[in-house]
Number of protein chains: 2
Amino acid sequence: MTPDITLGNHIIIDYYNCQTTALSNPEEIEQIIRKAAELMQATVITGKFHHFSPLGVSGVLVISESHITIHTWPEHHYCAIDIFYCGALKIEEGLNYLKEALQSNNSSQKEFKRGLIEEKTLK
Amino acid sequence: MTPDITLGNHIIIDYYNCQTTALSNPEEIEQIIRKAAELMQATVITGKFHHFSPLGVSGVLVISESHITIHTWPEHHYCAIDIFYCGALKIEEGLNYLKEALQSNNSSQKEFKRGLIEEKTLK
């Protein structure tokens, strides 16, 4: 039997009932996402955070381990976060902080393996 | 009964057996992703494409409709693409082009709804 390996992990989280006013503030969202990346011990390469008129922020951090993205809908007290990573990150530390920083009392999280590679092709 | 709406759609695609040499070239990957965005009729806000040493590219496009990301593993002829969008995009046109441009004969696609909001909260 040839075991398989996966190249990446992908976590997608929907944060509902966010009580923070940060959802409409690109500077605060950038601070939150960069802090989460730091807590995960991710290596940040570059980031872009954009403020939509009249509402909402889209942000991405490219990290050595892949990416973190956020999209906010302040009018619905909702934001969507994706964390795509390879290698070992302290994900739980980042996720605990995000839930607290976003002041969400209701979230939905899924995790997927990305890039299923047959181990024999690695030799 | 109160019907719900969703704020976004999220498509994640794993492209295997990519025969293109573009996977190790950040300029070519950027061209491919921007062309896919154009075909989908997405509005590009900004983009970042990064070349890893010795191999691989990570790229993100922030679009008005949310984001498109790509991560490549040329050594495995594999790349991972995410398309997060709200509103109406011509997704199929973009996906058809991506499969052709990446020269992949084996791909795996999933789609999720993001941000389930009760319609009553929209009033």
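## Helix packing and chain symmetry: worked exercises

Helix α1(A) passes α2(A) in a right-handed crossing, meaning that the near helix is turned clockwise from the far one by less than a right angle. The model is predicted; local features need pLDDT of at least 70, and side-chain atom pairs count only at pLDDT 80 or more. Residues are numbered from 1 along each chain, and chains are lettered from A.

**Exercise 1.** Describe how α1(A) packs on α2(A).

*Solution.*
1. Locate the helices: α1 spans residues 26-40 of chain A and α2 spans residues 91-101. Helices are DSSP runs (H or I, at least four residues).
2. Take the axes, lines fitted to C-alpha atoms over the stretch in contact. They come within 7 Å and cross at roughly 155°.
3. Therefore α1(A) is roughly antiparallel to α2(A) (angles over 145 degrees, on a scale from 0 to 180).
4. List the contact (heavy atoms within 4.5 Å). Ile32(A), Ala36(A) and Leu39(A) are among the residues of α1(A), and Leu95(A), Tyr97(A) and Leu98(A) are among those of α2(A).

**Exercise 2.** Work out how chain A is related to chain B.

*Solution.*
1. Superpose chain A on chain B by least squares on C-alpha atoms (residues with pLDDT of at least 70 in both).
2. Read the result: a rotation of 180°, 0.0 Å of shift along the axis, RMSD 0.0 Å.
3. The two copies are thus related as by a two-fold rotation axis.
4. Find the residue of chain A closest to that axis: Val60(A), at 3.8 Å (C-alpha).
5. Check the interface: 100% of the interface residues of chain A are also interface residues in chain B, so the copies meet through the same surface.

Notes:
Heavy atoms only, no water. Helix = DSSP H or I, 4+ residues; strand = E, 2+ residues; numbered from the N terminus. Parallel < 35°, antiparallel > 145°, perpendicular 65-115°, else oblique.
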